[in-house]
Structure formats: C-alpha cells, structure tokens
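This report walks a new reader through selected parts of one structure, one region at a time. Please keep the sequence and the structure at hand while reading.

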Amino acid sequence: MNNLPILDFEQQILESVALNPVTIIQADTGAGKSTQVPQMLYMEGYNKITVTQPRTMAAISLANRVAEEFGEEVGKSIGYKTRFYKTEKTTPITYVTDGYLLSKYNEQTCLSGEVVVLDEIHEFNLNQETLLGLYKKELEKNRNLKLVVMSATMDSKRISDFFEEAPVIEVPGKLYPVEEFWEPTMTTKSCILKYFEPGTNMLVFLPGKEEIANLHAEIKEALKFVPEKGEPCIFELHGEMSYEQQKQVFGHYDGGKIILATNVAQTSITVPDIDCVVDEGTCKQMIFKNGIQNLEVVDISQADCLQRKGRAGRCKPGKYVLCSKIEMSCRKQFEVPEIQRTSLENFVLKLAAMKIDPTELEFLHNPDRENVKNAKSLLKNLDALQEGTITKIGAEMEKMPVSARTARMLIEARKYSSEVQGDMAIVASIFENPDFRGKKFRIMNDDASEECMQSDLTYQMYLIKQINAEWHALDYEGRKDFYKNRDIKYKIFKNILQAAKDIADKLHLKYMLYQETSDSDYQAIRNCIISAYCDSMYAFETSNRGIKYEGNDEVYRKLDNKSVFSRAWADIPTYVIAKPLDLKIGEGWDRHTVSLITNATAVDLEDEANFQRFKSMMKCEYSYDRYEEIVYRVFKVGDTEVRREETNLVPIFEEYRDWFGDWRYRIIVEGKEIGTMLA
C-alpha cells in the first residue's frame with residue numbers, strides 16, 4: 001500500500017480540499033484513489049465523509065477493504081449504505097451507492113466538516129448527473145460543504161468548467177508498464193489461446209452473461225487440445241452472481257486463471273493480480289429511442305478501454321489486447337451519458353418532488369428535451385404530475401424505492417384488500433428485477449389457475465411462492481443443488497425475495513410469500529398492473545406472422561418466449577398491456593433487431609371500466625351501418641377494432657358519381673368522410 005501513487009499527492013489534495021469547495025482528482029487506475037482519499041480526509045479531521053460508488057458490490061467491497069486497512073471490523077469507523085444492505089451505526093467514512101445518496105438528498109443537513117466524494121464519475125449515470133447538478137446548486141448557498149469528484153478517465157476540463165474552474169489534480173497510476181496489442185482479425189477465443197500462459201492470470205471482457213457462458217464452454221473444450229497451456233481455472237464474473245461466488249476470482253491458482261467478465265470488472269471489482277486483459281471492446285447498454293427501451297451491444301469509448309486496460313499492471317507488468325475490428329483511436333473519446341440515452345420518468349419525478357423542473361437545473365450533460373417531454377407525459381398519465389406540479393399520488397410514488405410505473409401499481413393496490421397489497425409487493429419486486437428463470441427452468445408442481453395465467457407477472461409470482469414452498473419442504477441434502485437443478489438464477493431469485501420483503505416492510509404491507517392467492521385477488525392484481533401500463537396496449541395480429549402483437553407504434557412484436565401466452569395458440573388474448581423491448585443481436589450483415597413485448601397482462605375490453613381506461617390511447621374512427629342506420633364509434637389498436645354504438649351522431653350524405661358513372665353517397669360524420677355507399 002505504501003507505494004500507491006496517490007499517497008505522493010496527499011498534501012496537494014488536502015490543501016485543495018481546504019481551499020476550494022470542489023476538487024477534481026483524475027487518478028489513473030491503480031493509483032489508490034477510492035481507498036486512500038477518504039482515509040486522508042478522515043486523518044485530516046473531516047468527520048463526515050460520504051463516498052459514492054455506481055454499484056452495490058463496489059460500495060460493500062471498498063468498505064470492507066478500507067476497514068481491513070484500519071485494522072477494524074466493517075461498521076466501526078468504516079461503513080456502507082445501499083438500497084438493501086447497510087451497516088447499522090453511523091460511521092465517519094461511509095461508502096454508498098450514488099442512488100442511495102440521491103434518495104436521501106432531501107434528508108441531508110450539510111454540516112461543517114462534511115465531504116462528499118463522487119467516485120467513478122466517468123460513468124455519468126442518471127444519479128451522478130443529478131447529484132452534480134444538485135451539489136452545484138447547494139454549494140452556492142452552503143460553504144461548509146466540500147465536494148471531491150474522482151475518476152481514472154473523465155473529461156476533467158468539462159467538469160472543472162462546470163464548477164467554475166475547480167482545480168484538477170492529475171495522479172499517475174500505473175505501477176508497472178502495460179503493453180498494448182490490437183487483434184482486429186482474431187476471435188476472442190483465439191486471442192485467449194494465443195496470449196494465455198500457464199500459471200498467469202487473464203481477465204476477458206465480454207458484453208453479457210450469455211456470451212460469457214458460451215465462451216466458457218468453448219475455451220474449456222479448446223484447452224483440451226492445447227496441453228502446453230496447462231489447466232487454468234475458468235471463472236465467470238457478472239452482476240447476477242452472489243458475492244460469495246464472485247470472491248472465487250480473487251484466489252491464487254497454480255495453473256493460473258481465466259476470468260470471463262462483463263463490465264462489472266471494469267470499475268466495481270478489482271482483481272489485483274491480472275497479467276493480461278483481453279477486451280472485445282463492447283458492452284450491453286439500454287438505450288431509449290422513440291419511447292422504447294432498446295438493449296444493444298455497443299462499442300465502448302476510449303475512456304472505457306483505458307479503464308479496462310488499467311485492470312492489468314497493478315502488481316507486475318501486463319498486457320492489454322483489444323480484440324475488435326475498431327481500434328482505440330477510432331472510438332469516441334467518452335461514452336454517451338445515460339441522461340441522454342435512457343427513459344427519464346423517475347428522474348423527472350425525483351426533481352418534481354424537490355420542486356425543480358429538469359429544464360431549470362444546470363446539468364453537466366443536458367438531457368434530450370423530447371425524452372423529458374415523454375417522461376412528463378407518462379407521469380401525467382400515471383396521475384403523478386398535473387400542470388407540471390407533483391400530485392399527492394406522485395409524491396407518494398417518489399418515496400417508493402421502485403420505478404414510476406411500479407410505484408403506481410402499489411398505490412392502485414390500496415383500493416383492494418391487504419392480501420392484494422401484499423401480493424403487489426412481490427409483483428413489484430419481479431417487475432424491478434431481471435427474470436429469475438434460466439433457459440432450462442423447471443418446477444415440480446405447476447397447478448396455476450386460469451386467472452393466474454392471465455398475466456406473466458402473476459404467473460411469476462405464483463412460481464416464486466411454489467419454489468419457496470418446495471425449497472422449505474426439503475431436507476439439507478435436498479436443498480444442496482436445488483436452484484442449480486431447476487435452472488433458477490439464485491442471486492436474482494434471492495434479490496426478488498429481499499426486495500419484496502423490503503417493499504412490504506417499508507410500506508407496512510402484509511407479506512404474502514407463504515400464502516396462496518385467490519382468483520378474485522388475481523383479478524385485482526391485474527387491475528393494478530393495468531393502471532401503470534394504460535399507455536402500452538397491444539392487439540393480437542391474426543396474420544401468418546406467428547404469435548405477434550401490434551401497438552400504436554405500428555411495429556409487430558413477438559411475445560417473450562417465457563410468456564404464459566407463448567404456450568398454446570388457443571390461450572392468446574386479443575389485447576395485452578406489456579413492456580416493449582428491442583434487442584439488437586448478431587454482428588455485421590447479420591445484425592438485426594428483435595422487437596419483443598415482455599411482462600404481458602391480458603386486458604378484457606368488454607369490461608367497461610377497462611375500456612374507459614384505455615379509450616384515450618386508442619385511435620378513434622367512425623363506421624356507418626346502413627341497414628341499422630346507426631353510426632358506430634370504432635376504437636383501434638393497430639389493425640384490431642373495438643366497436644362501440646354511438647346513437648347521437650347523424651351522418652350527412654353527399655351524392656356524387658364515381659369513376660364508372662354510378663351514383664354514390666359520401667358518408668360524413670363530424671366533417672370527416674368515413675366511407676361511401678351506393679345511392
């Protein structure tokens with residue numbers, strides 16, 4: 001620890017913090033900024049130091065590391081606070097997620113001696129962007145607050161200008177040289193086999209969990225035919241793994257190790273003994289386009305490549321291999337900030353609760369105005385905003401630790417029984433987490449009722465209760481490989497249970513994990529789901545395109561293959577509300593978009609209450625029945641019609657000759673031609 005480069009800049013850092021409201025530290029990967037700067041500030045006498053991290057894993061692991069350097073148990077002088085995990089008592093140094101800090105912003109009282117350290121700021125996620133804007137505003141009136149902004153790779157000049165020429169301290173970080181290689185024609189597997197040496201440690205960056213699993217199998221098989229490479233341990237590393245599983249990558253293995261990782265290893269976890277980094281130069285990103293979330297594999301920026309390169313060279317000389325057709329110099333310098341590529345409803349709602357219009361707050365990167373407009377429109381539909389001001393419902397939604405739509409479901413549940421409200425806590429947790437089911441998922445007893453099967457969300461809730469009951473019924477031996485044998489993603493499943501309990505506890509709801517749900521309650525739960533997705537309805541398309549749905553965006557969308565409605569043609573509902581999702585898959589000429597709907601829930605438009613709820617979002621046309629002499633109002637979703645009788649409209653008939661000389665009538669209702677008929 002004594003040779004960490006950041007320690008040579010201790011006096012300069014402390015003087016800058018003492019003399020300036022904002023200090024920017026650009027310290028290369030490996031310089032020691034995340035562990036040492038908080039300790040410097042504490043030893044200088046600052047008594048409340050809050051350090052943000054983008055991910056829960058990073059906040060907890062850093063707190064444990066610094067506590068170890070203090071020679072203490074975590075929770076004494078060093079603590080952590082995240083959405084679901086926290087140390088009990090208040091500590092002088094606290095590592096938090098940036099989301100947690102933002103959620104507590106209104107509760108803060110900025111005291112003398114307080115320092116907020118915004119670490120890994122280069123990610124520029126929504127929370128970080130908002131915190132930068134809020135603290136800039138706070139610093140104008142509170143000179144007791146000190147802000148330190150840190151990253152290895154960031155546009156330090158832009159941040160300095162944002163804070164009125166705040167000082168920038170640049171700290172070199174490489175303890176050992178890292179040699180760079182570019183392999184534009186080789187596959188990732190070939191690069192691994194070329195650069196791996198027996199007894200060394202390799203970190204491989206891949207875009208997602210599926211790519212990791214596929215490459216793991218390929219490498220394991222390929223190494224059998226290359227005996228000179230030895231038998232390294234191969235580990236997977238991604239956000240769905242438990243902390244215990246992730247800890248395996250830190251071990252020493254005589255034959256060496258190959259770690260196949262997502263960008264969770266870019267900033268959240270540091271494995272210090274890496275000899276070689278192989279980088280595909282991509283990551284998966286959620287991008288918001290035209291109101292639809294798109295999950296895309298994108299090329300990372302130069303800054304991100306440098307972050308990944310910095311994973312090597314910490315304890316010894318290293319290598320960085322960019323295995324991509326796009327070389328470093330051809331990549332954009334920095335990533336597109338999240339505020340400019342994602343949906344903004346929670347962001348707008350959070351600011352509305354603070355009585356701030358996002359168009360009035362100064363941001364480092366300005367959000368897209370159309371996205372802000374769409375977010376405001378959605379919040380208005382959810383009864384959260386009225387005339388730009390937060391409503392009582394909106395204020396309650398903002399306090400909930402879930403997305404805006406999920407919060408609206410929970411509020412709607414208050415119209416029903418305590419059992420429905422308790423079940424909605426589980427549904428909300430499912431909605432907030434990835435799917436816990438693997439490709440080969442199975443469950444022993446699947447006797448879900450017809451009412452349960454009218455929604456993907458209620459069916460998943462049923463499965464969670466069944467899995468939990470099945471696990472508790474087993475003895476110790478039976479539980480050992482329970483989740484693995486059923487292809488249940490253990491960490492996600494446990495996160496869902498934990499989140500459901502936390503939501504139930506926070507909102508004082510009945511916890512329904514151990515109780516069955518009645519059919520009448522399933523109906524009520526569907527109504528709650530519908531209340532949050534009243535702007536996202538799709539109609540079944542009866543063409544030869546297979547099981548597809550069309551919405552007002554005029555895009556044909558496939559059902560997610562895990563949907564309850566994918567099972568049998570006869571069970572397909574005419575109308576569903578669902579979450580649209582676009583997946584970009586394949587490479588080169590084979591790259592294409594798969595348009596899906598996920599978490600579908602059946603909607604009965606024969607029910608008048610449902611019809612009235614959806615009427616405003618459906619296209620309205622008129623139809624005249626010449627035999628009944630009645631004008632019908634026709635509501636359309638895509639090409640599918642819902643016909644309603646309208647008795648108070650009288651059409652006007654205008655006579656004319658058609659191209660063949662026959663006399664016809666134009667049928668005009670409310671000034672618009674709705675059709676023609678023979679005279």
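## A buried histidine

His238 is buried, because its relative accessible area of 7% falls under the 20% limit used for that word. The model in which this histidine is seen is a predicted one. His238 is found in the loop between β10 and α9, the latter covering residues 243-246. Leaving aside residues up to four places away in sequence, His238 touches Lys209, Ile212, Gln246, Thr262 and Val264.

## The six-stranded parallel sheet

The strand β10, which precedes the loop of His238, belongs to an open sheet of six strands, arranged in the order β8-β15-β12-β9-β11-β10 and paired in the parallel sense. Because β8 (178-182) and β10 (233-237) stand at the edges with a single partner strand each, one side of each is left without a neighbour in the sheet. From one strand to the next, the twist averages 15 degrees. At the β8 edge, five bridges join β8 to the parallel strand β15, residues 318-322, and within this pair Phe181 stands opposite Val321 of β15.

Helices lie across strands of this sheet. Helix α8, residues 209-222, lies across β9 (201-205), β10 and β11 (257-261), and it runs at about 175 degrees to β10. Helix α11, residues 302-309, lies across β8, β9, β12 (276-279) and β15, running at about 145 degrees to β15.

## An enclosed strand

Which strand is largely enclosed by the rest of the structure? It is β2, residues 48-53, and the reason is that five of its six residues are buried. Strand β2 is joined by five bridges to β5 (residues 114-118), with the two running parallel, and five bridges likewise join β2 to β4 (residues 93-97), again in parallel. Val51 takes part in both pairings, for it stands opposite Val117 in β5 and has Tyr95 as its bridge partner in β4.

Strands of a sheet pair through backbone hydrogen bonds, either parallel or antiparallel. The next sheet is a case of the antiparallel kind.

## The three-stranded antiparallel sheet

Three strands form an open sheet in the order β26-β27-β28, and their pairing is antiparallel. The edges are held by β26 (652-657) and β28 (672-678), each of which has a single partner strand, so that one side of each is left without a neighbour in the sheet. The twist averages 30 degrees from one strand to the next.

Strand β26 pairs with β27, residues 663-669, in the antiparallel sense over six bridges. Among the partners, Arg657 is matched with Trp663 of β27, while Glu655 is matched with Tyr665 of β27. In the hairpin that these strands make, five residues lie between β26 and β27, and Gly661 takes a positive phi near 85 degrees.

## Two crossing helices

How do the axes of α17 (residues 456-472) and α21 (residues 519-532) cross? They come within 10 Å and cross at roughly 130 degrees, and the two helices are therefore oblique to each other. The crossing of α17 and α21 is right-handed.

On the α17 side, Leu457, Thr458, Met461 and Tyr462 meet Tyr522, Ile525 and Ile529 on the α21 side. Sorted by class, this contact of α17 with α21 contains six nonpolar residues and one polar residue, with no charged residues.

Methods
Residues numbered from 1 in each chain as written. Predicted model: local features only at pLDDT ≥ 70, side-chain atom pairs only at ≥ 80, totals over all residues. Heavy atoms only, no water. Pairing = 2+ DSSP bridges. Helix = DSSP H or I, 4+ residues; strand = E, 2+ residues; numbered from the N terminus. Axes fitted to C-alpha atoms, helices over the stretch in contact; angles between N-to-C directions. Contact = heavy atoms within 4.5 Å. Parallel < 35°, antiparallel > 145°, perpendicular 65-115°, else oblique. Left-handed = near helix turned anticlockwise from the far one by under 90°. Nonpolar A, V, L, I, M, F, W, Y, C, P; charged D, E, K, R; others polar. Buried < 20%, exposed > 50% of the residue type's maximum accessible area, 1.4 Å probe, protein only.
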